[in-house]
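Grab your viewer and work through a few short packing exercises. Each one has a task and then a solution, step by step.

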Amino acid sequence: MARSKPTDSTAPSGRGKAATGPGSRGRTTGGATAAGAVGAAGTGKAPKAGKPKAPKLGKDGQPKVGRLKRFGNQARMIKQAYSLTAKNDPKLPWFMLIAFVVVAGLIELVAILFGAPFLFLPIAIVLGLLAAMIVFGRRAQGSAYRQVEGQPGAAAWVLEGMRGDWRVSSGVAGTAQLDSVHRVLGRPGVILVGEGSPTRVRGLIAQEKKKIARVVGDTPIYDITVGDEEGQVPLRKLSTHVMKLPRNLSAGEVNTLGRRLAALGGARMPVPGGPLPGGRQMTVSQRQVRRR
């Protein structure tokens, strides 16, 4: 009698067992992974990647510099300024040493009187270094002024180094003999600064004042002649003289006048931007020391 074949459709067959074997688990996992990738592509989301961080910007719009790097830059500038000043002023180290010893000695003398010499020692050192740096700044400033005094463009160099909102236009008028007039706009009003021969500069200032008066209206116009004669302002006192002028305008009025004067234009003389003996240009360190 022939044996009948099973008719139960739910009975597992050899092919079904093969589908549920270990090999099918790997294929199922691969399929799920592929499906996940397709789903991610369908949503339009790309795998997350590390985004480069944008540098932090300061108030001036430039990337911020770390404190250590900024301190290093300042130290290099001071070192350069010291070496340049020491060449023209051989007595600079001695004056700095005397200032340090005198100030530190006075602090220590007071500390000894109070019976605590070691407690005031750090304060004495700090104040002594501060006194030495003040002497260094004064001597460096004087050395820079001695180098540029009497050269064409010296007044413009001083004016461009002033602190605050001063809008300097150098060489707005001049002669072939390098006499020149510089225009400064600030809170006091319009300031015309002339350098060169007093006779020729007087005429240049009068012409420039007449031209500016038609634009600025009732705004005060000051005129200054740089020199050592009577009625003139010495170069070393020029910035102090200008900054002591009375404040007659607001910041908004200064901006308005600045636009008017910019539209006025005018011939510009080839005035050196930073005069030095031998035709050399003023270094950054000398400008920094001069502004202190």
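## Exercise 1: a helix pair

Helix H3 (residues 67–88) packs against helix H5 (residues 121–148) at an angle of about 60 degrees, and their axes are 10 Å apart. Work out how the pair should be classed, and what the contact consists of.

A word on the setup: this is a predicted model, so local features need pLDDT of at least 70 and side-chain atom pairs pLDDT 80 or more, while totals for chains, interfaces and linings use all residues. Numbering starts from 1 along each chain as its sequence is written, and side-chain values use heavy atoms, with hydrogens and water left out.

Step 1. Helices (H or I, at least four residues) and strands (E, at least two) are DSSP runs, numbered from the N terminus. Axes are lines fitted to C-alpha atoms, for helices over the stretch in contact, and angles run from 0 to 180 degrees between N-to-C directions.

Step 2. Angles under 35 degrees count as roughly parallel, over 145 as roughly antiparallel, 65 to 115 as roughly perpendicular and the rest as oblique. H3 and H5 are therefore oblique to each other.

Step 3. Now the contact (heavy atoms within 4.5 Å). H3 supplies Ile78, Ala81, Tyr82, Thr85 and Asn88, while H5 supplies Met133, Phe136, Arg139, Ala140, Ser143 and Gln147.

Step 4. Sort by class: Ala, Val, Leu, Ile, Met, Phe, Trp, Tyr, Cys and Pro are nonpolar, Asp, Glu, Lys and Arg charged, and the others, Gly among them, polar. That gives six nonpolar, four polar and one charged for H3 with H5.

## Exercise 2: another partner for H3

Do the same job for H3 and helix H4 (residues 92–113).

Step 1. The two axes come within 9 Å and cross at roughly 115 degrees. That makes H3 roughly perpendicular to H4.

Step 2. On the H3 side you'll find Tyr82, Thr85 and Ala86, which meet Leu92, Pro93 and Met96 in H4. The class tally is five nonpolar, one polar and no charged residues.

## Exercise 3: the sheet

In what order do the four strands of the open sheet run, and which strands stand at the edges?

Step 1. The order is S1-S2-S3-S4, with mixed pairing; two strands pair if DSSP finds at least two bridges between them.

Step 2. Strand S1 (167–174) and strand S4 (221–226) are at the edges with a single partner strand each, so one side of each has no neighbour in the sheet. From one strand to the next, the twist averages 25 degrees.

Step 3. Check the bridges. S1 and S2 run antiparallel with five bridges, and Arg167 stands opposite Leu185 in S2. Strand S2 (residues 180–186) and strand S3 (residues 189–195) are also antiparallel, joined by seven bridges, with Arg183 opposite Leu192 in S3.

Step 4. Look at the turn: five residues lie between S1 and S2 in their hairpin, and Leu178 there has a positive phi of about 70 degrees.

Step 5. Add the helix: H9 (residues 251–264) lies across S1, S2 and S3, at about 150 degrees to S2.

## Exercise 4: a loop residue

Is Glu149 buried, partly exposed or exposed?

Step 1. Locate Glu149 in the loop between H5 and helix H6 (154–160).

Step 2. Buried means under 20% relative accessible area, exposed over 50%, partly exposed in between (1.4 Å probe, protein chains only). Glu149 has 36%, so Glu149 is partly exposed.

Step 3. Leaving out residues up to four places away in sequence, Glu149 touches Asp228, Leu235 and Arg236. Leu235 is 86 residues from Glu149 in sequence but 6.9 Å away in space, C-alpha to C-alpha.
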